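Trainee: I'd like a close look at one small part of this protein. Could you walk me through it and then show me how it sits in the whole?

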Amino acid sequence: MRKLSDYIGQSLSIIQKSFWKREYEIRSDTELIGEFKYPKFFSERVECKVGNDTFEFKRPHIFSDKIEIIKSGYQRPIAKLQSNFFASKGIVELPRGVKVKMKFGAFNNKAEIYLGENDLIAIVKNKFSLKEKSDIMIEKRTEILDEYPWILFLAFYFLLLKRRNSGVTH
């Protein structure tokens, strides 16, 4: 599998496989990069498969403003997303003290991923259609996306949560 930094300038998309299922794929023009699915219909827990690794995104409890990222087969989270009260910003705490910031659009249509304060890495932008669809633009080559490719799915997952809760912050 290619590194995500190699996709600079190419169009990547997250596409819902079927209108009736909550299963998504991240694709380039030529290949499948990863899969993202809800194992149960009303579940908030998500399984994300990128390459040979499988991760799980979940909130510790229903009113939590945190999302934990757990590697499949383990119980402790490897990373956490902590959002602010209005769910307009979030900080992903990665291993070794690295922090990635996310900013979310006002109408739940866009997520921007930053390394530091103003160093834009990628943008996930929702498109209007019957099935969920988002475009991804990778702005900068960085080791963070290569080492943690699930960050793009995490931004998309948070946008889905915000849309599902229809403006409610958590």
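Trainee: Which residues does I8 touch, not counting residues up to four places away in sequence?

Mentor: Keep in mind that we're looking at a predicted model. Leaving out residues up to four places away in sequence, I8 touches I138, K140 and R141. To find I8 on your screen, go to the segment before β1, the strand that covers 12–16. Is I8 buried or exposed, or something in between? Its relative accessibility is 34%, and since buried means under 20% and exposed means over 50%, I8 counts as partly exposed. If you want a yardstick across the fold, try G51: that residue is 43 places from I8 along the chain, and the two C-alpha atoms are separated by 18 Å.

For another spot to set beside I8, click on E112. This one belongs to strand β10, which runs over residues 110–115. At 16% relative accessibility, E112 falls under the 20% cut-off, so E112 counts as buried. Its side chain has a partner, too: a polar contact of 3.3 Å links it to the side chain of K110, and K110 lies in the residue range of β10 as well. Once you set aside residues up to four places away in sequence, the neighbours that E112 touches are K101, M102 and K103, along with L120, A122 and I123.

Now zoom out. The protein has 12 strands and 2 helices, and reading from the N terminus you pass every β element before you reach the two α elements. The C-alpha trace spans about 40 × 40 × 35 Å along its principal axes. For 170 residues, a compact globule would have a radius of gyration near 15 Å, and the protein agrees because its own value is 15 Å.

How much of the chain is tucked away? Of the 170 residues, 44% are buried, and E112 is one of the buried ones. The exposed surface comes to about 9,600 Å², with carbon and sulfur atoms supplying 52% of it. As for contacts between residues at least 6 apart in sequence, 39% join residues at least 24 apart.

Last, the charges. There are 31 positive side chains and 22 negative ones, and the centres of those two sets lie 4 Å apart.

Key
Residues are numbered from 1 along each chain as its sequence is written. This is a predicted model: local features need pLDDT of at least 70, side-chain atom pairs count only at pLDDT 80 or more; totals for chains, interfaces and linings use all residues. Side-chain values use heavy atoms; hydrogens and water are left out. Helices (H or I, at least four residues) and strands (E, at least two) are DSSP runs, numbered from the N terminus. The radius of gyration is taken over C-alpha atoms; the globule rule is 2.2 Å times the number of residues to the power 0.38. Buried means under 20% relative accessible area, exposed over 50%, partly exposed in between (1.4 Å probe, protein chains only). Contact means heavy atoms within 4.5 Å. Accessible areas come from the Shrake-Rupley method with a 1.4 Å probe; for residues, only the protein chains shown count as cover. Lys and Arg count as positive and Asp and Glu as negative; His and the chain ends are not counted. The place of a charge is taken as NZ of Lys, CZ of Arg, CG of Asp or CD of Glu. A polar contact is a pair of N or O atoms within 3.5 Å; within protein, one must be able to donate a hydrogen and the other to accept it, and residues adjacent in sequence count only if both atoms are side-chain atoms.
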